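Reader: I am in my first year and would like to take a close look at a single part of this model, with the terms explained as we go. Could you walk me through it slowly?

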Amino acid sequence: MSLSGEQLKALARQGAAQRYQELQKELAALTATFPELARGGGGKRRASAAPKSASRRRSMNAAQRKEVSERMTRYWAARRAAKADGGGAAGKAKGRRRKSAKKSAE
């Protein structure tokens, strides 16, 4: 027995309507048991969740930007001076590799 497309759609519609009614009854039972669900409460919120305003990064004003700029200018000038003077361990060792022992032995 084969069904036409229209008959299949009609049966699917009946099945969907029946399932919809079952879901409505289940929802009514849940909201009767847990009334806060009907209000959209969903239960307690997590205490660790921070408000959105607290997680935003503050921007600097013009005076703060100028102070940071001057401090970083002094910092990089000191780094360049230390590197020009031989730099000690901080300037030499970073990012450089020793020549292989094979080449120095020759």
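Author: Let us take helix 1, and begin with Leu-8, which counts as partly exposed because its relative accessibility is 48%, where partly exposed covers the range between buried, under 20% relative accessible area, and exposed, over 50%, with a 1.4 Å probe and protein chains only. Before going further, please keep in mind that this is a predicted model, in which local features need pLDDT of at least 70, side-chain atom pairs count only at pLDDT 80 or more, and totals for chains, interfaces and linings use all residues. Residues are numbered from 1 along each chain as its sequence is written, and side-chain values use heavy atoms, with hydrogens and water left out.

Leu-8 lies in helix 1, which spans residues 5–33; helices here are DSSP runs of H or I with at least four residues, strands are runs of E with at least two, and both are numbered from the N terminus. On the surface, Leu-8 joins Met-1, Leu-3 and Leu-11 in a nonpolar patch, and together these residues have about 480 Å² of accessible area. Such areas come from the Shrake-Rupley method with a 1.4 Å probe, and for residues only the protein chains shown count as cover. A patch takes in residues with over 30% relative accessible area and no salt bridge, joining nonpolar side chains (Val, Leu, Ile, Met, Phe, Trp, Tyr) within 5 Å and like charges within 9 Å.

Further along helix 1, the side chains of Arg-19 and Glu-22 meet in a salt bridge, with 3.3 Å from N to O, and this term means that a side-chain nitrogen of Lys or Arg is within 4 Å of a carboxyl oxygen of Asp or Glu. The two residues both lie in helix 1, 3 residues apart, which is about one turn of the helix. Arg-19 counts as partly exposed because its relative accessibility is 43%, and Glu-22 counts as partly exposed because its value is 39%.

To place this part in its setting, the protein chain has 5 helices and 0 strands, and its elements run α-α-α-α-α from the N terminus on. Of its 106 residues, 0% count as buried, while the chain exposes about 10700 Å², of which carbon and sulfur atoms supply 54%. The structure holds 2 salt bridges, and besides the pair in helix 1 described above, Glu-67 forms one with Arg-71, their closest N and O atoms being 2.8 Å apart. Glu-67 and Arg-71 are separated by about one helical turn, because they are 4 residues apart in helix 3 (residues 62–84).
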